[in-house]
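Biologist: Got a minute to walk me through this one? I'd like to go over the sheets, the core and the pocket.
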Amino acid sequence: MTRWRWLALAAALCLPSASWAQGEPMPAGHPPVGGAAAAPAAPQQNAVTPSPDVPAGTIRVKLVNEKGEPLPNTDVKLGILFQKIAEGEQRSEQHAKTDAGGLASFGGLTQSSDFSYRISARSGPAEYASEPIQLRGGLGVLALLHVYPVTRDLEGANIGARGFVYVETRDDVFQFEVLFRVFNMGTVTWVPDRAEMKLPAGFKAFKAGEAMGDARFEEEAGRGARLAGTFSPGQHNVSFRFQLPRDEHESASFRFGLPPRTAEIRFIAEAAPTMQLDVDGFERPQTDVNQNGQRVLVTRHVAKRGEPALRSFEATLSGIPTAGMGRWIAVLIAAAIAALGGAVYAGKLGTETQQQLRQRDAERAKKVLLDELVALTRARQEQRIGPSTFESARRALVEAMSRIVSAHPEQASKPGKKGKKPTSAGRTRPSGPASTA
């Protein structure tokens with residue numbers, strides 16, 4: 001996905017839907033997202049702060065629990081990443097234990113933009129990590145990191161989610177981009193056990209998006225994607241992409257299962273002027289344009305009061321532009337006409353002279369091919385077909401034209417066209433009446 005599209009989706013995910021902003025209750029078990037009065041107090045955030053009180057080249061870690069109390073005698077890992085174009089990438093790590101006040105220090109670290117550091121700590125199946133740290137300006141860094149109680153049971157966590165599904169119709173595949181924001185509004189970390197998102201049958205080229213933390217999507221072979229990693233209190237963006245093979249049909253349907261407690265899901269399709277979108281149970285699709293000026297169709301489903309969270313949906317795209325069988329039929333017709341001309345040339349057909357039939361059939365074949373080239377070019381200019389389809393069809397038509405010209409070279413110059421012809425002596429002289437000289 002292009003950078004602008006991810007930014008647009010991420011910004012949209014930050015905005016509550018109208019119903020949430022009005023404080024409308026979400027489905028049972030879903031955290032109150034809109035309206036701070038209904039929400040529990042937000043947990044204290046992790047922080048990375050340059051500090052003159054910390055020696056240069058040092059990262060001092062303070063590890064605390066969900067109540068802000070220090071965690072003594074706990075292992076802390078410092079991940080070290082060195083990246084330089086000329087030398088490549090190198091990774092290493094250091095370990096330390098916190099003291100009675102929950103503090104641990106890592107000193108003697110290189111202050112350079114080539115080095116990036118990250119603090120992490122584990123609690124059972126969960127991993128908690130800081131944002132990447134760079135040491136500059138002759139200051140050390142103080143890092144505050146929280147460790148929370150952990151549950152694998154969804155009922156033991158205050159979890160909810162919003163999601164986007166974005167589809168682009170390409171020449172031979174449908175390209176999907178999926179982005180979810182998972183909210184943990186409690187003080188207990190959720191480590192998913194079986195939180196799946198079923199994908200349309202036949203999906204391929206699955207690739208999880210890069211994430212700052214441990215929360216992520218992983219491929220579930222033959223089924224789809226599943227949430228994995230650590231969803232600590234706060235918000236987590238997780239994403240992935242995949243493809244579906246595309247045939248030459250004018251419509252296609254895609255069925256998705258959703259992760260648990262998805263309170264809002266939006267479906268966005270890049271769409272040619274002829275295309276329409278229908279998603280059962282969703283709002284009526286709206287037409288918009290993306291940053292590149294491409295027409296898009298947008299629809300959504302928001303869980304309302306008393307409704308359970310949506311677990312699956314099916315989206316149908318119709319009016320998908322195709323190159324059409326007419327292009328290939330035209331090529332076959334042209335080939336058949338060329339073959340007919342060849343048969344005449346061999347003396348097998350017709351009452352007309354061989355020359356007349358050959359000329360007539362070759363002209364007819366050329367006209368069919370030229371008309372198809374014009375129609376194909378117009379379809380590409382109007383974005384009714386993609387560049388790959390255009391190039392493959394154009395190549396076939398041009399090759400057919402080339403075969404006709406090769407088989408009937410007399411078409412390159414019309415009969416009767418003035419030119420030069422050989423004399424009996426092998427020299428050339430102008431055509432027309434004989435010279436009187």
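Biologist: How many bridges join S19 to strand S22, and which way do the two run?

Modeller: It's a predicted model, to say that up front. Seven bridges join S19 to S22 (residues 295-302), and the two strands run antiparallel. One of the bridge pairs is Ala269 with Leu297 in S22.

Biologist: And S10 with S19, parallel or antiparallel?

Modeller: Parallel, over seven bridges. Phe164 stands opposite Arg266 in S19 there.

Biologist: How many residues of S19 are buried?

Modeller: Eight of its nine, so S19 is mostly covered, taking buried as under 20% relative accessible area.

Biologist: Ok, core next. How many residues are in the largest nonpolar core, and which have the most contacts inside it?

Modeller: The largest nonpolar core has 45 residues, and Phe176, Phe256, Phe267 and Phe313 have the most contacts inside it. Strands giving two or more residues to that core include S10 (159-169), S11 (173-184), S17 (234-245) and S19 (262-270). S18 (251-257) and S23 (312-318) are also among them. The largest share, five residues, comes from S11. As a rule, in soluble globular proteins, nonpolar side chains tend to be buried together.

Biologist: What does Phe256 touch, leaving aside its neighbours within four places in sequence?

Modeller: With those set aside, Phe256 is in contact with Phe176, Phe242, Phe267 and Phe313, among others. Its contacts also include Val165, Met197, Leu199 and Pro200, plus Lys198 and Arg311.

Biologist: What about a second core, which residues does that include?

Modeller: There's a separate one of 24 residues, and Ile59, Ala104, Ala121 and Val141 are in it.

Biologist: Switching to the open sheets. What's the strand order in the one with four strands?

Modeller: S4-S3-S6-S7, with antiparallel pairing. S4 (88-97) and S7 (126-129) are the edge strands, each pairing on one side only. The twist averages 25 degrees from one strand to the next. Inside that sheet, six bridges join S3 (residues 75-84) to S6 (residues 115-123). Phe82 has Phe115 in S6 as its bridge partner.

Biologist: And the open sheet of three strands, what order is that?

Modeller: That order is S18-S23-S20, again with antiparallel pairing. S18 and S20 stand at the edges with a single partner strand each, so one side of each has no neighbour in the sheet. In this sheet the twist averages 15 degrees from one strand to the next.

Biologist: How many bridges join S20 to S23?

Modeller: Four, and the strands run antiparallel. Asp278 stands opposite Thr316 in S23.

Biologist: Pocket time. What volume does the largest pocket have?

Modeller: About 1,000 Å³. It's lined by 40 residues, and Ala211, Met212, Gly213, His236 and Asn237 lie nearest the centre of the largest pocket.

Biologist: Which element gives the largest share of the lining of the largest pocket?

Modeller: S17, with eight residues. Other elements that each supply at least two residues of the lining include helix H1 (3-14), strand S1 (47-51), S7 and strand S8 (140-146). Strands S14 (204-208) and S15 (216-220) are among those suppliers too.

Biologist: I also want to check backbone angles. What is phi of Ala205?

Modeller: Near 55 degrees, which is positive in a residue other than glycine. Most residues other than glycine have a negative phi. Ala205 lies in strand S14.

Biologist: How exposed is Ala205, and where does Arg261 sit?

Modeller: Ala205 counts as partly exposed because its relative accessibility is 48%. Arg261 is in the loop between S18 and S19. Arg261 has a positive phi as well, about 60 degrees, although it is not a glycine.

Biologist: Why does Arg261 count as buried?

Modeller: Because its relative accessibility is 11%, and the cut-off for buried is under 20%.

Biologist: Last one: where is Gly102, and is it buried or exposed?

Modeller: Gly102 is in the loop between S4 and strand S5 (103-106). Gly102 is buried, at a relative accessible area of 0%. Leaving aside neighbours within four places in sequence, Gly102 is in contact with Val61, Lys62, Leu63, Pro70 and Leu71.

Biologist: And how far apart are Gly102 and Asn65?

Modeller: In space, 9.7 Å C-alpha to C-alpha, and in sequence, 37 residues.

Key: Residues are numbered from 1 along each chain as its sequence is written. This is a predicted model: local features need pLDDT of at least 70, side-chain atom pairs count only at pLDDT 80 or more; totals for chains, interfaces and linings use all residues. Side-chain values use heavy atoms; hydrogens and water are left out. A nonpolar core is a set of buried Ala, Val, Leu, Ile, Met, Phe, Trp, Tyr and Cys residues joined through side-chain atoms within 4.5 Å. Buried means under 20% relative accessible area, exposed over 50%, partly exposed in between (1.4 Å probe, protein chains only). Contact means heavy atoms within 4.5 Å. Two strands pair if DSSP finds at least two bridges between them. Axes are lines fitted to C-alpha atoms, for helices over the stretch in contact, and angles run from 0 to 180 degrees between N-to-C directions. On a 1 Å grid over the protein atoms alone, a cavity is a set of points where a 1.4 Å probe fits but cannot get out, and a pocket is an open set with protein on both sides within 12 Å along at least five of seven lines; lining residues have an atom within 4 Å of a point. Grid points are joined across faces, edges and corners, and a volume is the space filled by probe spheres set on the points.
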